[in-house]
Number of protein chains: 2
Amino acid sequence: MELHAVTDLPEIRPGDDIADLVADRAALEPGDVLTVASTIVSKAEGRTADLEEYPVSGRAKELAERIGAVAGEQKDPRFAQAVLEESTELLIECPFMLTETRFGHICVNAGIDRSNVPDHDLLLLPRKPTESAERIRAGLAERGHEDVAVVVTDTCGRPFRHGQRGVALGWAGMSASRDWRGEPDRDGRELGVTVQSVVDELASAANLVTGEGADGTPAVVVRDWAFGDLEGSDELFRDVEDDLVRQALREWEFEQ
Amino acid sequence: MELHAVTDLPEIRPGDDIADLVADRAALEPGDVLTVASTIVSKAEGRTADLEEYPVSGRAKELAERIGAVAGEQKDPRFAQAVLEESTELLIECPFMLTETRFGHICVNAGIDRSNVPDHDLLLLPRKPTESAERIRAGLAERGHEDVAVVVTDTCGRPFRHGQRGVALGWAGMSASRDWRGEPDRDGRELGVTVQSVVDELASAANLVTGEGADGTPAVVVRDWAFGDLEGSDELFRDVEDDLVRQALREWEFEQ
């Protein structure tokens, strides 16, 4: 397996065609996987916003005050309002907002980025990252690059372990995970529950190549990797019924 | 970045020298990262066990009965006893045991594997995976392969997202994560909290190449990847004080 960063991408602007920009800069081959950071997908889709666009609700004001009191510094209630508008549920309200986005991803502050966007205050996550991936994949096919899978990626933290790692938000041209259940292990015994989240693993692998800083390269070509003949599944985000940690968080309240 | 599976490794037996077996089969170069699945590290370290070695405590009997009642099938209390003996804390007791292992990793059943070991009932995780990684790294250096970092890997599930992905249990020759805080982003602004867990990302990348089934290749060479000049940290496993999800789980009880 090889990973190549796509170099020399320009600063992405609303309306830019990512498939076009990548196809001009990478010698894509059938079977490749292209990972694209959600930051540039959002920029191409015009998912920027300014704090003044968010009239503050009572709920946002209360959240900003609670979080600000814990942090010992004022928090902008307009930011809390933006997070609420991008979310369907708050799993944690304070000391930070852990939310479920409208497309099912769980992350801090609905994934809203305050560092990566010029000329605006906020960069929101793509509205429907799997549809974004499908559009990029279709755009590549139109340019003669058939059979390239696309994964829209982000980085986020997690319980139990420090640090962030790359994760998939959306994908096209492949399943999210592959299912090894029923496959024999090396000694001929059947493997237990083993569903492998390959889109997340591809996002993590790509994140080793992209970096976060000024020389960040937000698109990566993964070559010589194949999903294989296993069954696939497109369920990546857990429902609360299937997630004991979400159930526990529903009953829990932060106390300082 | 390139990943190459180390092929033709034999079935690993207690006392086998993994550094020796890998060095014979892979053309290692300075700067490479070698990932090694914990299954073969455990086998080399003789971390196999049989259920009859675990006299059942009252606590294990109670746990097996509770979990069995939910699952609708009998659970072996000796297995519950083995999980307890490998753990320092149970984060979830039922319907499955989510535990903290003695070296700080949080996973189901203390990572005890019932599918991957011939001639024994159980394969336990390495006792101290970072020490295992250090031994393998030293063994490679003795054979003239200086400057090869080693990551001992496993796969495990996680809250919020379906499926398993590769994670690091131990590492040597590099830091667990790199710290981008203070680095300028593309527009010259300072990046927010961004600590990147590179050992987990390396484990995930390697897991795309290893597979789980009969043709699984438990060692992978990662080439042309560099940690770079960033600050590093070796804190990978969160303490409860730093983990709201662990705090929430402490207060929560499963009800059917």
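# Exercises on a predicted two-chain model

B:Arg158 sits in the loop that links strand 8 (149-156) to strand 9 (165-172) of chain B. This arginine opens the first exercise; please keep in mind throughout that the model is predicted.

## Exercise 1: An arginine in a loop

Work out whether B:Arg158 is buried or exposed, and find which residues its side chain reaches by polar contacts.

*Solution.* Start with accessibility. The cut-off for a buried residue is under 20% relative accessible area. B:Arg158 has 7% relative accessibility, so this arginine counts as buried.

Next, follow the side chain. Within chain B, the side chain of B:Arg158 comes to 3.0 Å from the backbone oxygen of B:Gly163. Across to chain A, a polar contact of 3.2 Å joins the side chain of B:Arg158 to that of A:Ser197.

Finally, list the surroundings. Leaving out residues up to four places away in sequence, B:Arg158 touches A:Arg165, A:Ser197, A:Asp200, A:Leu236 and A:Arg238, along with B:Gly163 and B:Arg165.

## Exercise 2: The strands on either side of that loop

Describe how strand 8 and strand 9 of chain B pair, and say how many residues of strand 9 are buried.

*Solution.* Look at the direction first: the two strands of chain B pair in the antiparallel sense, over seven bridges. One of the pairings sets B:Cys156 against B:Arg165 of strand 9. Then check the covering: eight of the eight residues in strand 9 of chain B are buried.

## Exercise 3: Relating the two chains

Find what turn and what shift lay chain B on chain A.

*Solution.* A turn of 180° with a shift of 0.0 Å along the axis lays chain B on chain A, and the RMSD is 0.0 Å. The two copies are therefore related as by a two-fold rotation axis. The same surface serves both copies, as 100% of the contact residues of chain B recur in chain A.

## Exercise 4: Checking a helix

Test whether the length of helix 6 (residues 198-210) of chain A agrees with 1.5 Å a residue, then decide how far this helix is enclosed.

*Solution.* For the length, 13 residues at 1.5 Å a residue should span 18 Å, and the end C-alpha atoms of helix 6 are 18 Å apart, so the two agree.

For the enclosure, 12 of the 13 residues of helix 6 of chain A are buried, so the helix is largely enclosed by the rest of the structure. Among the buried residues are A:Val198, A:Asp200, A:Leu202, A:Asn207 and A:Thr210. You have met A:Asp200 already, as one of the residues that B:Arg158 touches. Just after the helix, A:Gly211 takes a positive phi of about 70°.

## Exercise 5: Two annotated aspartates

The unreviewed UniProt entry marks A:Asp113 and A:Asp154 as "binding site". Find the largest C-alpha distance, and compare the settings of the two residues.

*Solution.* Begin with the spacing. The two positions are spread over 42 residues of sequence, yet they cluster in space, with a largest C-alpha distance of 10.8 Å.

Now place each aspartate. A:Asp113 lies in the loop between strand 6 (106-108) and strand 7 (122-123) of chain A, while A:Asp154 belongs to strand 8 (residues 149-156) of chain A. With a relative accessible area of 18%, A:Asp113 is buried; with 17%, A:Asp154 is buried.

Last come the contacts, leaving aside neighbours within four places in sequence. A:Asp113 is in contact with A:Thr39, A:Asp121, A:Leu122 and A:Leu123. The contacts of A:Asp154 include A:Ser38, A:Leu125 and A:Arg165.

The same kind of annotation, again from the unreviewed entry, covers A:Thr155 and A:Glu212. A:Thr155 is found in strand 8 of chain A and, at 18% relative accessibility, counts as buried. Its side chain makes a polar contact of 3.4 Å with the side chain of A:Gln164.

## Exercise 6: An open sheet

Put the strands of the three-stranded open sheet of chain A in order, and work out which strands stand at the edges.

*Solution.* The order is 11-10-13, with antiparallel pairing. Strand 11 (195-196) and strand 13 (231-233) each have a single partner strand, so they stand at the edges and one side of each is left without a neighbour in the sheet. Strand 10 (residues 177-179) is joined to strand 11 by two bridges, and A:Asp179 stands opposite A:Val195 of strand 11.

Technical notes: Residues are numbered from 1 along each chain as its sequence is written. Chains are lettered from A and ligands numbered from 1 in the order in which they are written. This is a predicted model: local features need pLDDT of at least 70, side-chain atom pairs count only at pLDDT 80 or more; totals for chains, interfaces and linings use all residues. Side-chain values use heavy atoms; hydrogens and water are left out. Helices (H or I, at least four residues) and strands (E, at least two) are DSSP runs, numbered from the N terminus. The expected span of a helix is 1.5 Å times one less than its number of residues. Buried means under 20% relative accessible area, exposed over 50%, partly exposed in between (1.4 Å probe, protein chains only). A polar contact is a pair of N or O atoms within 3.5 Å; within protein, one must be able to donate a hydrogen and the other to accept it, and residues adjacent in sequence count only if both atoms are side-chain atoms. Contact means heavy atoms within 4.5 Å. UniProt positions are given in the numbering used here, feature names are shortened, and annotations may be inferred rather than shown by experiment. Copies are superposed by least squares on the C-alpha atoms of residues with pLDDT of at least 70 in both. Two strands pair if DSSP finds at least two bridges between them.
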